Amino acid sequence: MSDKIGEKSFLRKCEASLNPKSQVRFETSIYTNYTKPENSLEKRPGKKLGKKYFISERFQGIMNKLVKSVVMSFKSNSVQVVCLSVLGFCAGVFLTCLLITAHRPDSRHGVGGLETSAEPEYDENLSALLASVESDIKTADSAVLAGKNSAAGSDGDTAAAAEALINSDTSIVTYQTYRVKSGDMIGFIADAFDVTQDTIISVNNIKQSRLIQPGQYLKIPSMPGIIYTVKKDGETAAAIAEKYKVNAEKCANANFVSLNTELKAGTSLFVPDAELDWATRQEINGDLFKKPLHARYWLSSNYGWRDSPFNAGSRTFHGGLDMAVSQGTPIYAALEGKVTAVGYNATYGNYVIITHHSGYKTLYGHMKSTACRTGNFVYTNTIIGYVGSTGMSTGPHLHFTVYKNGKTINPMTVLN
């Protein structure tokens with residue numbers, strides 16, 4: 001009997017192992033018996049724990065597959081190439097930033113050049129021309145008024161006669177005053193009064209067109225032209241008109257002189273329809289010279305007064321610009337001209353001097369080495385030397401000086 005009971009229990013176990021539903025019930029019962037806590041208020045806690053256990057196993061399986069897929073993808077040649085490319089790009093950017101930082105000019109270094117304890121004196125009186133022009137204008141206005149009075153006759157209507165005379169004779173130059181407004185430019189003002197930019201620049205003796213200020217008064221003539229100052233005794237209105245290729249009679253009438261009247265040196269005339277020469281226009285507009293360094297540089301010292309880099313606590317006048325840049329950077333001629341000096345001295349080290357037209361000269365100092373000879377004619381694309389730190393210098397830079405008729409001027413006023 002006991003053998004039969006043991007046989008039946010064995011058969012039931014076998015059926016349970018073959019039946020999936022029975023197996024699940026069997027496993028669940030195991031979990032339930034194992035996880036059921038004492039005095040628990042929850043119903044069938046073992047079932048919930050079994051579900052969590054199943055989800056965690058599934059999640060772990062997904063993660064294993066994902067890791068395997070990533071590992072297998074890295075073994076692919078295309079992915080390896082992409083990864084190596086990204087790493088190479090990042091390394092290149094890092095090295096480039098490192099090199100730029102290492103070669104960046106420091107504002108505390110790269111200065112030098114000639115220093116003086118006082119500002120250089122200038123013999124040229126820039127207001128003399130304007131004063132003489134105003135004097136000539138007053139004289140011309142007096143002559144015009146005299147003509148108006150005689151033309152008025154016995155009726156005594158001087159104003160009406162004067163206006164009639166002006167309107168009938170277009171060769172007479174009259175002037176009006178214009179006050180510069182905010183945002184005005186010489187070109188806009190010239191267009192508004194139907195004259196040329198050269199006219200406004202010349203009549204008002206403007207040396208730097210970029211420096212006109214709101215509130216400044218300008219004289220505007222009634223016709224285009226420029227002011228000419230007689231260079232030597234004996235010049236005539238006819239000769240001046242021939243020089244500028246304009247109408248001689250119109251030039252003589254505008255200045256109340258005859259065609260062949262000999263004029264004294266220093267006399268100023270208004271030459272109708274004449275224009276400034278190219279060099280003068282470029283100079284006034286600040287576009288005469290090109291920068292001698294075509295690479296990026298740091299302006300380590302301006303023209304004018306500065307704290308001396310050689311004598312602590314003293315203020316000195318610096319006669320040029322200091323452009324700090326890496327040693328060996330090519331230096332170009334700022335304007336075409338003839339090389340008149342190549343040499344070395346204690347102040348500028350290796351230097352080059354170039355003579356240009358219209359009384360201009362430029363000096364390039366502290367060169368590592370020069371690349372031209374005296375007598376060479378150079379252009380703005382000609383390399384004349386390389387940046388260095390020779391002479392009185394605290395670091396690699398170019399000292400650039402501009403001379404006008406033997407006197408230094410601020411290079412920033414003529415650099416394009």
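Here a colleague asks a modeller how some labels on this predicted model were reached.

Colleague: Let's start broad. What is the chain made of?
Modeller: There are 11 helices and 17 strands in it. The chain has 416 residues, and 33% of them count as buried. About 26,000 Å² is exposed, with carbon and sulfur atoms supplying 56% of that area.

Colleague: And how much of the contact pattern comes from residues 24 or more positions apart?
Modeller: Counting contacts with a separation of 6 or more, such residues account for 67%.

Colleague: How confident is the predictor, in terms of pLDDT?
Modeller: The average over the chain is 76, and 67% of the residues score at least 70. Among the elements, strand S10 (residues 330–332) has the highest mean pLDDT, 97, while helix H6 (residues 158–168) has the lowest, 45.

Colleague: Which stretches have pLDDT under 50?
Modeller: Residues 21–48 are one of them, with 13 contacts beyond four places in sequence in the model. Residues 119–134 also stay under 50, and there the model has 24 such contacts. Where pLDDT is low, the predicted coordinates should not be read in detail.

Colleague: On to single residues. Why is histidine 399 called buried?
Modeller: Buried means under 20% relative accessible area. Histidine 399 has 1%, so the label fits. You'll find this histidine in strand S16, residues 397–404.

Colleague: What makes the pairing of histidine 399 with aspartate 322 a polar contact?
Modeller: The cut-off is 3.5 Å between N or O atoms, with one able to donate a hydrogen and the other to accept it. The side chains of histidine 399 and aspartate 322 are joined at 3.1 Å, so that distance is within the cut-off. Histidine 399 also makes a side-chain polar contact with the side chain of histidine 318, at 3.2 Å.

Colleague: Is asparagine 255 buried or exposed, and how do you know?
Modeller: Its relative accessibility is 16%, and the limit for buried is under 20%, so asparagine 255 counts as buried. Asparagine 255 sits in the loop between helix H10 (248–254) and strand S5 (268–272).

Colleague: What does asparagine 255 touch beyond four places in sequence?
Modeller: Leu269 and Phe270. Within its own neighbourhood in sequence, the side chain of asparagine 255 reaches the backbone oxygen of cysteine 251 at 2.7 Å. Isoleucine 172 is 83 residues away along the chain, yet its C-alpha atom is 8.1 Å from that of asparagine 255.

Colleague: Why is glycine 391 called partly exposed?
Modeller: That label covers values between the 20% limit for buried and the 50% limit for exposed. Glycine 391 comes out at 30%, so it counts as partly exposed. Glycine 391 belongs to the loop between strand S15 (383–387) and S16.

Colleague: Which residues beyond its sequence neighbours are in contact with glycine 391?
Modeller: Among them are Tyr344, Gly349 and His366. As for methionine 367, it is 24 residues from glycine 391 in sequence and 8.9 Å away in space, C-alpha to C-alpha.

Colleague: Last one: why does phenylalanine 59 count as exposed?
Modeller: Exposed means over 50% relative accessible area, and phenylalanine 59 has 54%, so it passes. Phenylalanine 59 is in helix H3, residues 45–74.

Colleague: And what nonpolar surface patch does Phe59 help make?
Modeller: One of about 300 Å², made together with Met63 and Leu66. To be in a patch, a residue needs over 30% relative accessible area, so the 54% of phenylalanine 59 meets that condition.

Notes
Residues numbered from 1 in each chain as written. Predicted model: local features only at pLDDT ≥ 70, side-chain atom pairs only at ≥ 80, totals over all residues. Heavy atoms only, no water. Patch = residues over 30% accessible without salt bridge, like charges linked within 9 Å, V, L, I, M, F, W, Y side chains within 5 Å. Areas by Shrake-Rupley, 256 points an atom, 1.4 Å probe, with all protein chains shown as cover. Salt bridge = Lys/Arg side-chain N within 4 Å of Asp/Glu carboxyl O. Helix = DSSP H or I, 4+ residues; strand = E, 2+ residues; numbered from the N terminus. Buried < 20%, exposed > 50% of the residue type's maximum accessible area, 1.4 Å probe, protein only. pLDDT = per-residue confidence, 0-100. Contact = heavy atoms within 4.5 Å.
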